[in-house]
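Colleague: I'm new to this one, so could you walk me through a single part of it in detail? Here is what I'm looking at.

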Amino acid sequence: MENNMNKEIRDEFWHAFADSPFVMIRLEGSSEHAVPMTAQLDKDARHEIWFFAPRGNRIAAAGEAMAQFVSKGHDVFACLHGHLIEDTRQDIRDKHWNNVVEAWYPNGKHDPNILLLRFEIHDAEVWTADLSMMGKLKLLTGSNIKPSQAGQHAVGNV
C-alpha cells in the first residue's frame with residue numbers, strides 16, 4: 001500500500017469519476033444509510049466536488065462524511081473521506097447548475113429549499129482492477145491470482 005497516491009492512479013480515478021459522477025455518501029456518526037448523489041465536478045477544483053440537495057436530505061446537515069465510488073466498468077473503486085459544507089456562493093451555484101440538475105429541482109436554482117454542498121476531500125483510497133494477461137488466464141482457469149496481477153491500490157490525496 002502506498003502512502004502517497006501516484007499520478008497514474010489519481011488520473012485514472014478522476015477520469016472514471018468524470019465518466020460516471022455518482023457516489024453513495026453518508027455523514028460520519030449517522031445511523032442512516034448512505035444516499036446516492038450526483039457529483040458536480042470542476043476540472044479546476046482541487047480536492048472538491050459539489051452536490052445539490054434538498055434541505056431535508058440526509059446529508060444536508062453537513063459535517064464529516066464518507067463517499068464510495070465504483071466506475072462504470074467496475075475497474076476503479078474509491079472511498080473518499082472529507083467534510084461537507086454548505087456553499088452559498090452564487091457564482092459556484094450558477095457554474096454547476098445545468099439541465100440535469102434542473103430536472104430534479106424544477107423550481108430553479110434560486111429555490112431556498114435547495115442546498116449546494118461542497119465536499120472537501122481530505123483523503124481517499126483508490127483501487128484499480130486491471131488484470132494482467134497472466135491474471136486473466138489464471139482467472140479463466142481458476143488458478144490463484146497474485147495481487148500484483150490484479151491491479152493497484154493507493155492511499156492519499158486525490
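Where is the place of Ala62? I'd like a close look there, and then at whatever helps me put that spot in context.

Modeller: Sure. Keep in mind as we go that this is a predicted model. Ala62 sits in the loop between β3 and β4. What catches the eye is its backbone: phi is positive, about 65°, although Ala62 is not a glycine. As for cover, Ala62 counts as partly exposed because its relative accessibility is 21%, and buried would mean under 20%.

There's another residue to look at alongside it. His47 also has a positive phi, near 65°, and it is a residue other than glycine. You'll find His47 in the loop between β2 (35-38) and β3 (48-54). With a relative accessible area of 29%, His47 is partly exposed. So strand β3 is a handy landmark: the loop between β2 and β3 holds His47, and the loop between β3 and β4 holds Ala62, which is why I'd keep that strand in view, given that His47 is partly exposed and Ala62 counts as partly exposed too.

Now carry on along the chain into strand β4, which covers residues 63-70. Val70 belongs to that strand, and its relative accessible area of 39% makes it partly exposed. Together with Phe77 and Trp127, Val70 makes a nonpolar surface patch of about 240 Å². Go on to Ser71 and you are in the loop between β4 and β5 (76-86). Here the cover is another story: Ser71 counts as buried, because its relative accessibility is 4%. Setting aside residues up to four places away in sequence, Ser71 touches Ala16 and Val76.

Strand β4 comes up again if you start from Met24, which lies in strand β1 (residues 22-27). Leaving out neighbours within four places in sequence, the contacts of Met24 are Ala34, Val35, Pro36, Met66, Ala67 and Gln68. Met24 is itself partly exposed, at 36% relative accessibility. You can also check it against Cys79: the two are 55 residues apart along the chain, yet their C-alpha atoms are separated by 9.6 Å.

Let's zoom out to see where all this fits. The protein chain has four helices and seven strands, and their order along the sequence reads α-β-β-β-β-β-α-α-β-α-β. Of the contacts between residues at least 6 apart in sequence, 69% join residues at least 24 apart. Buried residues account for 39% of the 158 in the chain. The accessible surface is about 9300 Å², and carbon and sulfur atoms make up 53% of that.

One last stop is the largest pocket, with a volume of about 350 Å³. It has 14 lining residues, and the ones nearest its centre are Trp14, Lys43, Ala45, Arg46 and Val158. Helix α1 (residues 7-19) gives the most to that lining, with five residues.

If you want a route to follow on screen, begin at Ala62 in the loop between β3 and β4, go along β4 to Val70, and then step into the next loop to find Ser71.

Technical notes:
Residues numbered from 1 in each chain as written. Predicted model: local features only at pLDDT ≥ 70, side-chain atom pairs only at ≥ 80, totals over all residues. Heavy atoms only, no water. Patch = residues over 30% accessible without salt bridge, like charges linked within 9 Å, V, L, I, M, F, W, Y side chains within 5 Å. Areas by Shrake-Rupley, 256 points an atom, 1.4 Å probe, with all protein chains shown as cover. Salt bridge = Lys/Arg side-chain N within 4 Å of Asp/Glu carboxyl O. Helix = DSSP H or I, 4+ residues; strand = E, 2+ residues; numbered from the N terminus. Buried < 20%, exposed > 50% of the residue type's maximum accessible area, 1.4 Å probe, protein only. Contact = heavy atoms within 4.5 Å. 1 Å grid on protein atoms, 1.4 Å probe; cavity = no way out; pocket = protein on both sides within 12 Å on 5 of 7 lines; lining within 4 Å. Points joined across faces, edges and corners; volume = space filled by probe spheres on them.
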